[in-house]
Amino acid sequence: MSVPARRLPSWIWVTGLTTAAIVGVTALAAQADQGAHPTAAHAAGAKPSASASPHPSASPKKSEPVAVPDGSGTGRRIVYSLAQRRVWLVDTGEAVRRTFAVWPGTVSPAPGRYAVSTTVPSTTGTDGTKVENIVYFTVASGVNIAFSNAQDGSSPQPAAGVKTGGIRMHSADGDAVWAFGTKGTKVSVTK
């Protein structure tokens, strides 16, 4: 007569399969650790893009801060460089709180010292563009000069033959100037 085969207890099968699974996962993890490590931008498929704006970008590289122009005064102030087409918000300790590129209108203020005269939440610019965060600081050639941003976020070219004094910026920069440039805040315009 033949002897019946003995069955292994189920706990041995479960232990064996679990051990095999752990070894397999560990081997795959070690193999994955040896491979390439894509960045979050790469994994999301992000690609560098060129600006669609008709204006050249004046943005510096992140590692190269743009210094406040010499001769722009001292203390808490807004500094606007005509040549660099750039604004700095400078606090009382001479630290730059923010700097950004701007798009000037067709009429520019003369270099000098000014102060914020009034602020207006929103209006329509002389070019017909709805603007917000308007911070007025002088008049040049009969045109009010002010910092502002277009409500739709655009930066259109000034209309031909129209005198415009709006110094336009991106919406987030307009919000920053609005919060910083209260009535009486010094404005320094440099060449």
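## Two loops with positive phi

Let's start in the loop that joins β6 and β7, where you'll find serine 141. Its phi is positive, at about 55°, even though serine 141 is not a glycine. Is serine 141 buried or exposed? With a relative accessible area of 58%, serine 141 is exposed, because the cut-off for that label is over 50%. Keep in mind as you look around that this is a predicted model.

Glutamate 94 is another non-glycine residue with a positive phi, this one near 70°. You'll find glutamate 94 in the loop between β2 and β3 (96-101). Its relative accessibility is 38%, so glutamate 94 counts as partly exposed.

## The largest nonpolar core

Now for the inside. The largest nonpolar core has 21 residues, and the ones touching the most other members are Ile78, Val87, Leu89, Phe147 and Val177. Which elements each supply at least two residues of this core? They are β1 (77-81), β2 (86-90), β6 (130-140), β7 (143-150), α3 (171-180) and β9 (186-190).

Leucine 89 is a handy place to click. Setting aside neighbours within four places in sequence, leucine 89 is in contact with Arg77 and Ile78, then with Ala95, Val96, Arg97, Arg98 and Phe100, and also with Ala176, Val177 and Phe180.

## One face of α3

Two of those contacts of leucine 89, Ala176 and Val177, turn up again among the buried residues of α3, which are Asp173, Gly174, Ala176, Val177 and Phe180. Viewed down the axis of α3, these buried residues fall within an arc of 160°, so they line one face of the helix.

What do the buried residues of α3 pack against? Their partners are the strands β1, β2, β3, β6 and β7.

## The second largest pocket

Rolling a probe the size of a water molecule over the atoms shows where empty space is left. One such space here, the second largest pocket, has a volume of about 250 Å³. Its lining is made up of 17 residues, and those nearest the centre of the pocket are Gly125, Thr126, Tyr136, Asn144 and Gly166.

Which strand gives the largest share of that lining? It's β7, with 4 residues. At least two lining residues come from each of β5 (118-124), β6, β7 and β8 (166-168). As for chemistry, the lining of this pocket splits into 9 polar, 5 nonpolar and 3 charged residues.

Notes
Residues are numbered from 1 along each chain as its sequence is written. This is a predicted model: local features need pLDDT of at least 70, side-chain atom pairs count only at pLDDT 80 or more; totals for chains, interfaces and linings use all residues. Side-chain values use heavy atoms; hydrogens and water are left out. A nonpolar core is a set of buried Ala, Val, Leu, Ile, Met, Phe, Trp, Tyr and Cys residues joined through side-chain atoms within 4.5 Å. Buried means under 20% relative accessible area, exposed over 50%, partly exposed in between (1.4 Å probe, protein chains only). Contact means heavy atoms within 4.5 Å. The arc is that of the directions from the helix axis to the C-beta atoms. On a 1 Å grid over the protein atoms alone, a cavity is a set of points where a 1.4 Å probe fits but cannot get out, and a pocket is an open set with protein on both sides within 12 Å along at least five of seven lines; lining residues have an atom within 4 Å of a point. Grid points are joined across faces, edges and corners, and a volume is the space filled by probe spheres set on the points. Ala, Val, Leu, Ile, Met, Phe, Trp, Tyr, Cys and Pro count as nonpolar, Asp, Glu, Lys and Arg as charged, and the others, Gly among them, as polar.
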